[in-house]
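Colleague: I have a model open and would like to learn how to read its features one by one. Could you take me through them, giving the general idea before each case?

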Amino acid sequence: AREAANLIALDGALFFTADFGNDGIELGRYDPETNKIELVADIYPGSGDGAPRSLINVNGELWFIANDALQDNKLWKYNFTTETAEEIVYSSENGLFPNLTDLHYFDDKLFFRGFIQGQGNELWILDIPNKTLLDFPEIYPGPAQSSPSGFFNFGDKLYFSASNLGERRELRVYDPQIGEVQLVADINEDG
């Protein structure tokens, strides 16, 4: 395996993405007890690149974004019991399914930046127990985009940065008690 990236420790092993030669860029695992590296999931069979990314721990499960032969940027998880990668199928309250990036787990929800034509990159929230993509209002409505990033759990809230009018990035907070995103403070108020 070459060019290891996207490392995460889970289930007593180190998972990562790497170029596995004829299998392409796929999901690998390093077992420190055996000192072995192995390909654990060829998501895009053959020489195509599954290119797993945004590997995260969701309640002890390994979730990530990857490509398969049918579509780019699907949501997947690695099943430790069957030792296979499984696509996570979910529904959407508004019928839209965005192009996923930057996964973050918080409060039994998966937060991510998602792209939809006409809306740009906005905040999306997947309710994990119900496997439903919530109809969440855009932070910056219209064809412009808020491009949320830098998700960070602090106390009992989720903080991140997002653009507002004029492409200035501001600090935002998601409070699960009220179920909405708020501006923490206008740090760019003077222009």
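Colleague: Is serine 146 buried or exposed, and how is that decided?

Modeller: Buried means under 20% relative accessible area, exposed over 50%, and partly exposed in between, with a 1.4 Å probe and protein chains only. Serine 146 has a relative accessible area of 0%, and therefore counts as buried. This is a predicted model, in which local features need pLDDT of at least 70 and side-chain atom pairs count only at pLDDT 80 or more, while totals for chains, interfaces and linings use all residues. Residues are numbered from 1 along each chain as its sequence is written, and side-chain values use heavy atoms, with hydrogens and water left out.

Colleague: Where does serine 146 sit, and which residues does serine 146 contact?

Modeller: Strands are DSSP runs of E with at least two residues, helices are runs of H or I with at least four, and both are numbered from the N terminus. Serine 146 belongs to the loop between strand S13 (132–133) and S14. A contact means heavy atoms within 4.5 Å; leaving aside neighbours within four places in sequence, the contacts of serine 146 include Glu122, Tyr140 and Arg169.

Colleague: Which side chain makes a polar contact with serine 146, and which with serine 149?

Modeller: A polar contact is a pair of N or O atoms within 3.5 Å; within protein, one must be able to donate a hydrogen and the other to accept it, and residues adjacent in sequence count only if both atoms are side-chain atoms. The side chain of serine 146 pairs with that of glutamate 122 at 2.7 Å, and the side chain of serine 149, in strand S14 (residues 149–154), pairs with that of arginine 169 at 3.0 Å.

Colleague: What is notable about the phi angles of alanine 51 and serine 54?

Modeller: Most residues other than glycine have a negative phi. Alanine 51, in the loop between strand S4 (36–41) and strand S5 (53–58), has a positive phi near 45°. Serine 54, placed in strand S5, also has a positive phi, near 55°, and counts as buried because its relative accessibility is 18%.

Colleague: How many helices and strands does the chain have, and what is its radius of gyration?

Modeller: The chain has 0 helices and 17 strands. The radius of gyration is taken over C-alpha atoms, and the globule rule is 2.2 Å times the number of residues to the power 0.38. With 191 residues, a compact globule would come near 16 Å, and the chain has 18 Å, which agrees.
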